[in-house]
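Here is a short report for a first look at this model. Keep the structure in view while reading.

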Amino acid sequence: MLKSIHSLKELIYPNVCLSCGKTGAKICHDCSKYWLANPNKSKIENNYLFFVTTYDETTSSVILAAKESGNKDAVKLIARSITSSISFAILNLGISQPINLVTIPSQLSAIRRRGRDHIKDLAQEVISQLNQQNIYSIYSPLLKPIKKIKDQSDLNGSQRKENMSHAFIVKSSPISQSAVILIDDLVTTGASIHEGVRALGEAKITVDAVVTACAVGRNSLIR
Ligand SMILES: [Zn+2]
């Protein structure tokens, strides 16, 4: 009886993949696999960058659903790819634990509009997934936005750099001798990462690795 009620519910409210629209799962197997692939290692300026997938039509809908709607399945999937990149980075670079996860902060206006702090929610999901793999990490939201950032979508690479220039400061006292991984959900031109690394460097904090869920093709990161 319960089973048939469940199937009836599924008929009335079918799960539709938020990425491709196929019915069956909120994010179908085909669309999930992009986020579950092996991590890539690249470079962003002087830092190593680890990421699983590239930014395209399929992956951008998952990024948007997590960021703008707080979709839990999307947040979990993105966190999974960040988690696998972090555990790969730890092995690859010999990073020691505990790890401070420093996030690229959202603009206050975006936090107000969404009614939640997306990058904080994402970092906390990553920390709990790392925990399950016995990797000890600490949420260290050290970066604070200090100027109003224009919407980046219509800006080119150098305009984005200008827009992000001196956009962050380190708000709390520096962390003790411990590894630092700078994370963001998406890296496009790398302007936010560049600014994050700069602001942390100003506070004498060295970034061991940069990790993102999703990066725009490697070539556009190298300017
Ligand atoms: Zn799909």
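## Helices α4 and α6

This is a predicted model. Start with two helices, α4 (residues 72-93) and α6 (residues 118-132). They pack at an angle of about 55°, and their axes are 9 Å apart. That angle makes α4 oblique to α6. The crossing of α4 past α6 is right-handed.

Which residues make the contact? On the α4 side they are Val 75, Lys 76, Ile 78, Ala 79, Arg 80, Ile 82, Thr 83 and Ile 86. On the α6 side they are Asp 121, Leu 122, Glu 125, Val 126, Gln 129 and Leu 130. By class, this contact of α4 with α6 has eight nonpolar, two polar and four charged residues.

## Helices α3 and α4

Helix α4 also packs against helix α3 (residues 57-69). Here the angle is about 115° and the axes are 8 Å apart. The crossing of α3 past α4 is left-handed.

From α3, the contact uses Val 62, Ile 63, Ala 65 and Ala 66. From α4, it uses Ala 74, Val 75, Leu 77 and Ile 78. The contact of α3 with α4 holds eight nonpolar residues, no polar ones and no charged ones. Val 75 and Ile 78 of α4 are named in the contact with α6 and in the contact with α3.

## Strand β8 and its partners

Now turn to the strands. Is strand β8 (residues 179-187) largely enclosed or open? Eight of its nine residues are buried, so β8 is largely enclosed by the rest of the structure.

Strand β8 pairs with strand β4 (residues 99-103). The two run parallel, with five bridges. Asn 100 has Val 180 of β8 as its bridge partner. Thr 103 stands opposite Ile 183 in β8.

Strand β8 also pairs with strand β9 (residues 209-215). Six bridges join β8 and β9, again in the parallel sense. One pair to find is Leu 186 opposite Cys 214 of β9.

## Strand β4

Strand β4 is mostly covered, with five of its five residues buried. Which way do its residues point? Ile 99, Leu 101 and Thr 103 point one way. Asn 100 and Val 102 point the other way. Residues on both sides are buried.

Besides β8, strand β4 has a pairing with strand β5 (residues 137-139). This pairing is parallel and has three bridges. Ile 99 has Ser 137 of β5 as its bridge partner.

## A closer look at Cys 214

Cys 214 lies in strand β9. Is it buried or exposed? Cys 214 has 24 C-beta neighbours inside 10 Å, so it counts as buried.

Which residues does Cys 214 contact, leaving aside neighbours within four places in sequence? They are Phe 51, Thr 53, Thr 54, Tyr 55, Thr 59, Ile 63, Asp 185 and Leu 186. Leu 186 is the residue that stands opposite Cys 214 in the pairing of β8 with β9.

Ile 63 is worth picking out. Cys 214 and Ile 63 are 151 residues apart in sequence. In space they are 8.5 Å apart, C-alpha to C-alpha. Ile 63 in α3 also takes part in the contact with α4.

Notes. Residues numbered from 1 in each chain as written. Predicted model: local features only at pLDDT ≥ 70, side-chain atom pairs only at ≥ 80, totals over all residues. Axes fitted to C-alpha atoms, helices over the stretch in contact; angles between N-to-C directions. Helix = DSSP H or I, 4+ residues; strand = E, 2+ residues; numbered from the N terminus. Parallel < 35°, antiparallel > 145°, perpendicular 65-115°, else oblique. Left-handed = near helix turned anticlockwise from the far one by under 90°. Contact = placed C-beta atoms within 7 Å. Nonpolar A, V, L, I, M, F, W, Y, C, P; charged D, E, K, R; others polar. Buried ≥ 20, exposed ≤ 12 C-beta atoms within 10 Å, placed from the backbone. Pairing = 2+ DSSP bridges.
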